[in-house]
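I'm opening my notebook on this one. Here is what I looked up, in the order I went through it.

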Amino acid sequence: MDFINAIILLLNYIFIPALTYGSQLALGAIFVTLIYGILRFANFATGDMMSFGTMTTILFTWYFQSLGVSLGVLPTALLAIPFGIIFMIFYMLLIDKFVFKYYRHQKSPPVQFAMVSIGVMFVTQAVVRIIIGPADRRFFDGEKFIIKAREFKEMTGLNEGLALKSTQVITIFVTIVLVSLLFWFLNRTKTGKSMKAYSDNEDLALLSGIDPKKIVLVTWIIAGILATIGGALYGLDKSFKPFTYFNNMLPIFAAAIVGGIGNPFGAFLGGYVIAFSEILLTYAYKKFFMYILPESMEPNSLVQLLSTDYKFAVSFSILVIVLIYRPSGIFKGKVL
Amino acid sequence: MMVLIFMVGIFQSWNIALSIFNLCLISAVMTMGANIQWGYAGLINFGIMGYTALGGLAAVLISVDPVQEAWRAGGFDILMSLWLIVVMVLVIRFILKRFEKSKIRTYSIAAIIISGILLIRFSAEPGIEAIEAVDPAKTGFLGGFGLPIIFSWIVGALFAGGLAFIVGKVALGLRADYLAIATLLISEIVIAIIKHEDWLTRGVKNVIGLKRPAPYEVDLQTTDWFIKLVEKFNSGKLSVIDNLADRQAALNQLVIEGSSVFVKLCYSGLFLIVVIILLILTQKALYSPWGRMMRAIRDNEEAANAMGKNVVKQHLLIFILGSAIVGIAGAMLVTQDGLFTPGSYRPMRYTFLIWVMVIVGGSGNNFGAILGGFVVWFLWIEAAPISLFLINFFTAGIPETNALKAHLIESVPYFRFLMMGLGLLFIMRYRPKGILPEKIEIK
């Protein structure tokens, strides 16, 4: 019995939260990796683009709520996401036309692109804050829990409760669907394959008749979808605040590089690597050991490797270690 | 630029003008540091925030009086941990030197590091708790050395240089955009440590009331010579007032205003000295054989390498020098504010804004760096009043109660981001070398 209690404890506090957080990071990381692989620059505006997508989603959610439209137990935001995506893509294409296109034609070095993306970051941040303000916003509605901790305890007679939030299930489900669709697109369709070819060798791809304009367009569309959904899921699960989104850029970068930048599948797994290591290293295992060890050996301290304040520092340290020892990432991405 | 600051002095107040001027000077120092790395050597460093914070930490550690009680409570444990760290580093160095590169060596080093960290964590725990328990509302940390705060400017440079040495050893081999990301993340780690190691820095509880190199306003207001000075400066204004009591009241008001202006002027003087010294040194370096070598390395690494220049070593050197200058700026900033708030170090303000300054001012040109620091900081501060004016100007016909207008006026503070972003984008597009481009004279 104690053993099952310990497992439930880990599931409740480590596995499910990490899986949710990892999914949110993974979507962002694929976004970073796609931009890096195809447009060839590190996009420092990632976090703010995600917050822009979330903002449009929130605005539509409010609009639908005011109309009285809802999805019953599901959050209204799910209905608003497609509209948010449209605006996000529109915004991205606008930026590409007025900002990035020029440097692409100039064949500027990646550093210059990165600097330009910082300019875009400032502008996007301003736009988001001017439209919706810097405050913390929750836009979740509908049923909050699928399984409540207390109900679970009564049902199974265990000491530990397992709480399953609906946002967690939605996040994981949507991520799986979206990522499988994306991989299907990249590996099976003609456009997807030509994107890969363009990413591998630009000149060769151009010679074989691939239209670069189309590739760029499709890349931004996919990026828009990923950014909006990733941002909206994060906002549903936690809350929307422009500043947190800007900060989330850092673990997202870490995930993309750890997985091997330029490699979408690596980025996907990188998200989970980062999320799990963050939570595993900062969780206090005292209760866990109390269940599995005999009473005489119970630990006095919290058995916490690092205090939770160092959550971000963990993922960054992993990144630094990966950069030093295996710069191409866990799954071979572009070699630096 | 100076004219603009004078205009602020006349239209808003001299106090605001001087505080903008002081921060412009500090920004100029930071920009010069970043400019040395980017403009001279083409190294991208997004870790400016970390070096700034280390400079600030130096100011705390140098100037605060030691907390005797905390030293007695946990000083021994902390020293033991420091000693353990030194031993760990020495053992690793020894292994690296003595054994051939192999899997076993890598794993054993990893094992040493992990077990060392665990050992330190558990051995230092009681000491840290004891230190943090000592009067947590006021101290709760070890304090510093109780020296004049000016020394911290040098120590801040040393701290930042030391960090840059480690970072440089680790990350300098990376390609430019990876280097940017790596340095950004490392600086976040530094901030995380400063924020949460309360025994060293008081963390988010902040350290306030640091010593000053300049006199205090309150003391000045009771000093005879200062009151006379203010009287003399404002004799024209004062002589208009006939009533003696009114005149005394007016004088008192002027003395209070004057004292804070005077303190700020003292700071400006100190900062100006630093900026001028740094400017002379960097200009000399730029036109020296060393500066030529750096440019050669920047423009063609392989060719410079083929000519027998040690690219790796020079990169590391310039990385350390640039970061040390940023460290000085960090210490200056804390000196001027008189308080150390680890929570306020954010990449937006301390990394990206400085980079906007470098790019806008002109990379590779020291005067450009200073100009960039001034222009961008001035805009950053004055963006809100300027955009408020613009909004009011363009929506003059719309009534005050209009929702859109009210919303715009409410979000005035965020227009500074818009200004910075647009400014950066326009400069990058139409004047990629900055306002004052790099000028190389070959004599």
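First, my yardstick: I call a residue buried if 20 or more other C-beta atoms lie within 10 Å of its own, exposed if 12 or fewer, and partly exposed in between, with C-beta atoms placed from the backbone. This is a predicted model, where local features need pLDDT of at least 70 and side-chain atom pairs count only at pLDDT 80 or more, while totals for chains, interfaces and linings use all residues. Residues are numbered from 1 along each chain as its sequence is written, and chains are lettered from A and ligands numbered from 1 in the order in which they are written.

Entry: odd backbone angles. I read that most residues other than glycine have a negative phi. Arg40(A) isn't a glycine, yet its phi is positive, about 65°. I found Arg40(A) in the loop between helix 1 (2-39) and helix 2 (46-67) of chain A; helices are DSSP runs of H or I, at least four residues, numbered from the N terminus. Arg40(A) is partly exposed, with 18 other C-beta atoms within 10 Å.

Lys107(A) also has a positive phi, near 55°. Lys107(A) sits in the loop between helix 3 (77-106) and helix 4 (110-132) of chain A. Is Lys107(A) buried or exposed? Lys107(A) is exposed, with 8 other C-beta atoms within 10 Å.

Entry: where the chains touch. I count a contact when two C-beta atoms, placed from the backbone, lie within 7 Å. Chain B puts in 33 residues and chain A 36 residues. On the chain B side, helix 7 of chain B gives the largest share, 13 residues.

Terms used
Helix = DSSP H or I, 4+ residues; strand = E, 2+ residues; numbered from the N terminus.
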